[in-house]
Amino acid sequence: MARIGMKAKRQDQILSALAIKGEMSLQELMTTFNCSEATIRRDLEELEQSGNVIRRVGGGAMYVKPGSAYEVPFIEKQQVLYAEKLEIAKLAASLVQEGEVIGLTGGTTTFLISQQLKLRKNITVVTNAVNIAMELSENSDVQVVLTGGVLRNKSFELCGPLAEQTVNAVNINTMFMGIDGFTTAGVSTYSELEANIARMLMRRADKTIAVFDHTKIGRTSLFTVAHLEELYGCITDEEPSSALISALKEAGTSLYVAEKTNNF
């Protein structure tokens, strides 16, 4: 019992230290709390699993404000909730008709959508994500329009004035937009540059559908991309809260839940 009490106390102290400093390396944590690397790694793993106030990054950990969404590199996110994201991607791809022009922003879920669309014929995909364009390039029956711009290496997205110039010249039937946060206030993302290009893609699209797994529900990131009434629909893997469902109904926004569809 004493050991359990000591561990809980140490983990509380780790949380406090991370809240103050924002981010600490493993070496800093080991020195501060006079513990082995294995002990600190176990503590960080348990703290991360018990809530969303810390994230392990590189050789340490960072503090995350509860209820907020923060940017994680694409490579780190790729295998997280893979099965859930794949079901979302399959449902999204099922809404695509032959001959349509589809827009895809960057993101792990939209990347999986591109893998589904890679199997199709006679569609055009407009994207600002380099990895998505490369994935689709394997099928010569899919026309790919890649914007220019400055590359953001965490998401592989091209942003800035060059990307915006390309977007202004295209017309899109349906855009699937990856996001970092979804609340009654709307959808949000971590990057201002990505929020700007997503808004421009929305303006060029007949309809926009936000795609996101359940961990984004109830979270707010730094920059708002769109209010709910600006979206045609949302695709996720779990039903959101009753308050969010009511907000979607009021906004006239369709809710699609993977493997079953509820249209309002």
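**Helix H5**

I began with the buried side of helix H5 and listed Lys85, Leu86, Ile88, Ala89, Leu91, Ala92 and Ala93 as its buried residues. I note at the outset that I am working from a predicted model. For the geometry of H5, I looked up its extent and found 13 residues, 82-94, with a reach of 18 Å from the first C-alpha to the last, which is close to the 18 Å expected at 1.5 Å a residue.

**Salt bridges between H1 and H3**

I then turned to the charged pairs, and the structure holds eight salt bridges. I looked up Glu46 and found that its partner is Lys7, with the closest N and O atoms 3.3 Å apart. This pair links distant parts of the chain, since Glu46 belongs to helix H3 (residues 37-50) and Lys7 to helix H1 (residues 2-21), with their positions 39 residues apart. As for exposure, I recorded a relative accessible area of 32% for Glu46, which is partly exposed, and a relative accessibility of 31% for Lys7, which also counts as partly exposed.

I next asked which residue forms a salt bridge with Arg10. The partner is Asp43, and the closest N and O atoms of the pair are 2.6 Å apart. Because Arg10 lies in helix H1 and Asp43 in helix H3, this salt bridge ties together parts that are 33 residues apart in sequence. I also checked whether these two side chains are buried or exposed, and I entered both Arg10 and Asp43 as buried.

**A salt bridge inside H3, and a network**

Staying with helix H3, I found a salt bridge between Arg41 and Glu37, whose closest N and O atoms are 2.9 Å apart. These two residues are four places apart in the helix, so about one helical turn separates them. In general, an α-helix has 3.6 residues a turn, and therefore residues three or four places apart point the same way. I put down Arg41 as partly exposed at a relative accessible area of 41%, and Glu37 as partly exposed at 37%.

Further along the chain, I noted that Lys118, Glu135 and Glu138 are linked in a network of salt bridges.

**Rings**

My search for paired rings returned one aromatic pair in the structure. The rings are those of Phe182 and Phe212, with centres 4.6 Å apart and planes at 35 degrees, so I entered the pair as tilted. The angle matters for that label because planes under 30 degrees apart count as stacked and those over 60 as edge-to-face. The pair links distant parts of the chain, with Phe182 in strand E10 (residues 181-183) and Phe212 in the loop between strand E12 (205-211) and strand E13 (223-226), 30 residues apart. I looked up the accessibility of each and found that Phe182 is buried, with a relative accessible area of 1%, and that Phe212 counts as buried at 2%.

In the loop between E12 and E13 I also looked up Lys216, and I found that it is in contact with Ile179, Asp180, Gly181 and Phe182, leaving aside neighbours within four places in sequence. Lys216 counts as buried at 18% relative accessibility, a value that falls under the 20% cut-off for that class.

I made one more entry on a ring: Lys207 lies over the face of Tyr232, at 4.7 Å from the ring centre.

**Thr124 and Val145**

Last, I examined two residues in strands. Thr124 has its place in strand E5 (residues 123-127), and I recorded it as buried, with a relative accessible area of 15%. With which side chain does the side chain of Thr124 make a polar contact? I found that of Gln143, at 3.1 Å. Beyond its neighbours within four places in sequence, Thr124 is in contact with Glu100, Val101, Ile102, Gln143 and Val145.

I then followed that list to Val145, which sits in strand E6 (residues 142-146) and counts as partly exposed at 24% relative accessibility. With neighbours within four places in sequence again left aside, the contacts of Val145 are Thr124, Val125, Val126, Thr127, Thr166 and Val170. I closed by looking up the separation of Val145 and Asn128, which are 17 residues apart in sequence and 8.4 Å apart in space, C-alpha to C-alpha.

Note on methods: Residues are numbered from 1 along each chain as its sequence is written. This is a predicted model: local features need pLDDT of at least 70, side-chain atom pairs count only at pLDDT 80 or more; totals for chains, interfaces and linings use all residues. Side-chain values use heavy atoms; hydrogens and water are left out. The expected span of a helix is 1.5 Å times one less than its number of residues. Buried means under 20% relative accessible area, exposed over 50%, partly exposed in between (1.4 Å probe, protein chains only). A salt bridge is a side-chain nitrogen of Lys or Arg within 4 Å of a carboxyl oxygen of Asp or Glu. Rings of Phe, Tyr and Trp (its six-membered ring) pair if their centres lie within 6.5 Å; planes under 30 degrees apart count as stacked, over 60 as edge-to-face and the rest as tilted. A charge sits over a ring if NZ of Lys or CZ of Arg is within 6 Å of the ring centre and within 35 degrees of the ring normal. A polar contact is a pair of N or O atoms within 3.5 Å; within protein, one must be able to donate a hydrogen and the other to accept it, and residues adjacent in sequence count only if both atoms are side-chain atoms. Contact means heavy atoms within 4.5 Å.
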